[in-house]
Amino acid sequence: MRIAVPAETQGAETRVAVTPETVRKFMSLGAEIVVESGAGLASGISDADYQAAGATIAATATEALAGAAIVLKVRRPAEVEIADLPKGALVVGIMDPYGNEAAVEALSKAGVAAFAMEFMPRITRAQVMDVLSSQANLAGYRAVIDGAAEYGRALPMMMTAAGTVPAARIFIMGVGVAGLQAIATARRMGAIVTATDVRPATKEQVESLGAKFLAVEDDEFKQAQTAGGYAKEMSKEYQAKQAELTASHIAKQDIVVTTALIPGRPAPKLISAAMVESMKAGSVIVDLAVERGGNCELAKPGEVFVTDNGVRIVGHLNVPGRLAATASQLYAKNLFAFVETLIDKSTKALAVNWDDELVKATALTKDGAVIHPNFAAKTAPAPVEPAPTPVEPVAVVEGSTTNG
């Protein structure tokens, strides 16, 4: 059973799908691991490190993929990579299928079984496989670090002989895993922290971390959560009331971190140009949703943009990848935990149970067809009612199964 790990080719991806630790774990299941040369360098893992763990190094992606039963990726294979994927192979990674239906169709035509790790269900046995939580946790931490670096002032209150330095005010918009980690990080750094979210359950979580919760707590707010813990899309009226409340609050903040994302939809606009104009010179906005259009109207993907009134808007792409070594360590463990369930430990061979809820939730393609209910309706001959688009579930404190 050959497991291939080609180098990432899309964008400036710094993460890698296996580490020496998971190479050894895969080998204990009877797998042969082949890693493309240089695949781990951006994460601080050399070819020699992989070889010491027992992996074979291939000079090219084509060589690595030849005869592979499983292909492990961080991002969905690019168009030029799909031709080299062995027919019948399992391709596991973050597939980002929404808005990329043509790429999903291309994977189906290649005859591979593609699995989207970001669709992992929020159940107890899948906690260790939750890539969105592991990566969002790091993004929330890094967002505060990046915000503090751009702010250029101290965050905690400091009492000195020369005078008192007031604590910085940090506002977190969106309290999923990323938001909760951002709150915890900002509090540890000594800032005065407030946070907002449309889900009632997040109020207690925010306050448990020592921050103050800010929201329009009307009847709609009390019903803004499904029985399964998912956020509902709020009415235009509620959004207007919430925007009015946050507008006056944002004007007083030193750093604002936005984390709101709804899978399959553009990022909701939380900060208007007018709100940015109300902020003080030197203030910072860190937009973690910039890859999906951004929560801030003025955010620019891949840039730190300085407005005319001196507000710095941080739009870094792939924020978990800014902590590549740690992100790869966690992501590789997520992948191993899932792939392990697809292997029969007694025969040391692939044994995919297509009725397993983990497989059914994550499988995008199989046997030349798109099979995931959210996408199959767009490619199948007969119309099929698509499943509801999932939105960000309620995040809870560290150690739980949530999305960020």
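1. A friendly start at the edge of a sheet: in this predicted model, the bridge partner of Val304 is Val314 in strand E15. Val304 belongs to strand E14, residues 304-306, and E14 is joined to E15 (residues 312-314) by three bridges, with the two strands running antiparallel. Helix H6, residues 131-151, packs on the sheet here, touching E14 and E15 as well as strand E12 (255-258) and strand E13 (284-287). The direction of H6 makes about 150° with that of E13.

2. Now for the sheet as a whole. Seven strands form it, in the order E11-E10-E9-E12-E13-E15-E14. The sheet is open and its pairing is mixed. At the edges you will find strand E11 (212-213) and strand E14, each of which pairs on one side only.

3. What pairs with E12 on its two sides? Strand E9 (residues 169-173) pairs with E12 in the parallel sense over four bridges, and E13 also pairs with E12 in the parallel sense over four bridges. If you would like landmarks in the viewer, Ile170 stands opposite Ile255 of E12, while the bridge partner of Thr258 in E13 is Asp287.

4. E12 is worth a look from both faces. In a regular strand the side chains alternate between the two faces of the sheet. In E12, Ile255 and Val257 lie on one side, Val256 and Thr258 on the other, and all four are buried. Both faces of E12 are thus covered.

5. Back to H6, which has helix partners too. The axes of H6 and helix H7 (residues 177-188) come within 7 Å and cross at roughly 40°, so these two helices are oblique to each other. Their crossing is right-handed. On the H6 side the meeting residues are Ser133, Ala136, Asn137, Gly140, Tyr141, Val144 and Ile145. On the H7 side they are Val177, Ala178, Gln181, Ala182, Thr185 and Ala186.

6. Asn137 makes a handy close-up of that crossing. This residue lies in helix H6. Is Asn137 buried, partly exposed or exposed? Its relative accessible area is 27%, so Asn137 counts as partly exposed, given that buried means under 20% and exposed over 50%. Setting aside neighbours within four places in sequence, Asn137 is in contact with Val177 and Gln181. With Gln181 there is a polar contact between the two side chains, at 3.0 Å. The C-alpha atoms of Asn137 and Ala182 are separated by 8.2 Å, although these residues are 45 apart along the chain.

7. H6 also meets helix H12 (residues 324-340). Here the axes come within 9 Å and cross at roughly 170°, so H6 and H12 are roughly antiparallel to each other. Val131, Ser134, Gln135 and Leu138 of H6 meet Thr326, Ala327, Leu330, Tyr331 and Asn334 of H12.

8. H12 has a further helix contact, with H1 (residues 20-28). The axes of H1 and H12 come within 9 Å and cross at roughly 10°. The two helices are therefore roughly parallel to each other, and their crossing is right-handed. H1 contributes Glu21, Thr22, Lys25 and Phe26 to the contact, and H12 contributes Ala332, Lys333, Phe336 and Val339.

9. Please look at the other open sheet as well. Six strands form it in the order E3-E2-E1-E4-E5-E6, with parallel pairing. Strand E3 (56-58) and strand E6 (113-116) stand at the edges with a single partner strand each, so one side of each is left without a neighbour in the sheet. Neighbouring strands of this sheet are turned by 25° against each other on average, direction ignored. Within the sheet, strand E1 (residues 2-5) and strand E2 (residues 32-36) pair in the parallel sense over four bridges, and Arg2 stands opposite Glu32 of E2.

10. Lastly, two loop residues to check on the backbone. Asp96 is not a glycine, yet has a positive phi of about 45°. Asp96 sits in the loop between strand E5 (90-94) and helix H5 (101-109), and at 34% relative accessibility counts as partly exposed. Asp367, also not a glycine, has a positive phi of about 50°. Asp367 is placed in the loop between strand E18 (365-366) and strand E19 (369-370), and is exposed, with a relative accessible area of 68%.

Notes:
Residues numbered from 1 in each chain as written. Predicted model: local features only at pLDDT ≥ 70, side-chain atom pairs only at ≥ 80, totals over all residues. Heavy atoms only, no water. Pairing = 2+ DSSP bridges. Contact = heavy atoms within 4.5 Å. Axes fitted to C-alpha atoms, helices over the stretch in contact; angles between N-to-C directions. Buried < 20%, exposed > 50% of the residue type's maximum accessible area, 1.4 Å probe, protein only. Polar contact = N/O pair within 3.5 Å; in protein donor to acceptor, adjacent residues only side chain to side chain. Parallel < 35°, antiparallel > 145°, perpendicular 65-115°, else oblique. Left-handed = near helix turned anticlockwise from the far one by under 90°.
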